[in-house]
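Here is a short tour of one protein model, written for someone who would rather look at a fold than at a coordinate file. Keep the viewer open as you read.

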Amino acid sequence: MAQTDRGSWLERLSNRIFAIPSVAQWWARWRAGRMPAVIDPATGIPFARLAKPLAQCRAALITTGGVHRVDQRPFDMENPDGDATYREIPGDVALAELTITHKYYDHRDADQDINVIFPLEHFRDLAAQGVIGQVAPRHFGFMGHIDGELIQVLTRRTAPEVAQKLRQDEVDFALLTPA
């Protein structure tokens, strides 16, 4: 996708501003403060220790970088609140079959090498070396820009659906790759 296809000049300017780490961190703190229902301050972010050695674990990737197969419906770039849906990505997919639909970050490097945002090839290498047990049979792509009422869709419907699918696949851990 050519740079001219990546949105308006205002979107490109916004992408550059939010590429500054201190700006992105400020924005993340500000957004987290506006969404107390998403993360319970009393319990914080859920965390679970691995129950077995990494070499015996099945691993999945979950990205908010807008990654999906080229034959899947692109994420909604028109809704100002984003897109709370997800795309299933087979564990054996050819990397050339993946693309990115996301206009809220500069993904030119990831367009050249999808492993920048979705390190599936590295997972395969780690499994072949015995560092991790297996690569999961499916992975999940989200579009990280989700706001307004779509946050409820994400937290009450789509994220629990993905969690259930990860349990069905007997995934031991998931690596989350934000965009």
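## The fold as a whole

Among contacts in the protein (heavy atoms within 4.5 Å) between residues at least 6 apart in sequence, 78% join residues at least 24 apart. This is a predicted model, in which local features need pLDDT of at least 70 and side-chain atom pairs count only at pLDDT 80 or more, while totals for chains, interfaces and linings use all residues. Residues are numbered from 1 along each chain as its sequence is written, and side-chain values use heavy atoms, with hydrogens and water left out.

The protein has five helices and seven strands; these are DSSP runs numbered from the N terminus, with helices (H or I) of at least four residues and strands (E) of at least two. Along the sequence they follow the pattern α-α-β-β-β-β-α-α-β-β-α-β. Of the 179 residues, 32% count as buried. Here buried means under 20% relative accessible area, exposed means over 50%, and partly exposed lies in between (1.4 Å probe, protein chains only). The accessible surface comes to about 11,000 Å², and carbon and sulfur atoms hold 57% of that; such areas come from the Shrake-Rupley method with a 1.4 Å probe, and for residues only the protein chains shown count as cover.

## Strands 1 and 6

Strand 1 (residues 58-63) is a good place to start. Five of its six residues are buried, so strand 1 is mostly covered. Strand 6 (residues 138-142) is mostly covered as well, with five of its five residues buried. In a regular strand the side chains alternate between the two faces of the sheet. In strand 6, R138, F140 and F142 point one way and H139 and G141 the other way, and all are buried.

Which strands pair with strand 1 or strand 6? Two strands pair if DSSP finds at least two bridges between them, and the table lists these pairings with one facing pair of residues for each.

| Strands | Sense | Bridges | A facing pair |
|---|---|---|---|
| 1 and 5 (residues 134-135) | parallel | two | A59 and V135 |
| 1 and 6 | parallel | two | I62 and F140 |
| 1 and 7 (residues 173-177) | parallel | five | A60 and A174 |
| 3 (residues 86-90) and 6 | antiparallel | five | P90 and R138 |

In addition, T63 of strand 1 stands opposite G141 in strand 6.

## A network of charges

By the rule used here, a salt bridge is a side-chain nitrogen of Lys or Arg within 4 Å of a carboxyl oxygen of Asp or Glu. The count comes to seven salt bridges. Among the residues involved, E88, R138, K165 and D169 are linked in a network.

E88 forms a salt bridge with R138, with the closest N and O atoms 3.4 Å apart. Because E88 lies in strand 3 and R138 in strand 6, this pair ties together parts that are 50 residues apart in sequence. K165 also forms a salt bridge with E88, and here the closest N and O atoms are 2.4 Å apart. K165 lies in helix 5 and E88 in strand 3, so this pair ties together parts 77 residues apart in sequence.

Are these residues buried or exposed? R138 counts as buried at 17% relative accessibility, and K165 does so at 19%. E88 is partly exposed, with a relative accessible area of 26%.

Another salt bridge joins D71 to R69, with the closest N and O atoms 2.9 Å apart. D71 is exposed, at a relative accessible area of 58%.

## A histidine in a loop

H145 sits in the loop between strand 6 and helix 5 (150-168), and H145 is buried, with a relative accessible area of 19%. What does H145 touch? Not counting residues up to four places away in sequence, the list is P80, D81, G82, D83, H102 and Y104. A polar atom of the H145 side chain lies 2.7 Å from the backbone oxygen of P80.

## The nonpolar patch

W9, L10, L13, I17, F18, W26, W27 and W30 form a nonpolar patch on the surface, with about 860 Å² of accessible area together. Patches are made of residues with over 30% relative accessible area and no salt bridge; nonpolar side chains (Val, Leu, Ile, Met, Phe, Trp, Tyr) are joined within 5 Å, and like charges within 9 Å. Helix 1 (9-18) and helix 2 (21-34) are the elements that give two or more residues to the patch, and helix 1 gives the most, with five. F18 lies in helix 1 and is partly exposed, with a relative accessible area of 34%.

Key:
Polar contact = N/O pair within 3.5 Å; in protein donor to acceptor, adjacent residues only side chain to side chain.
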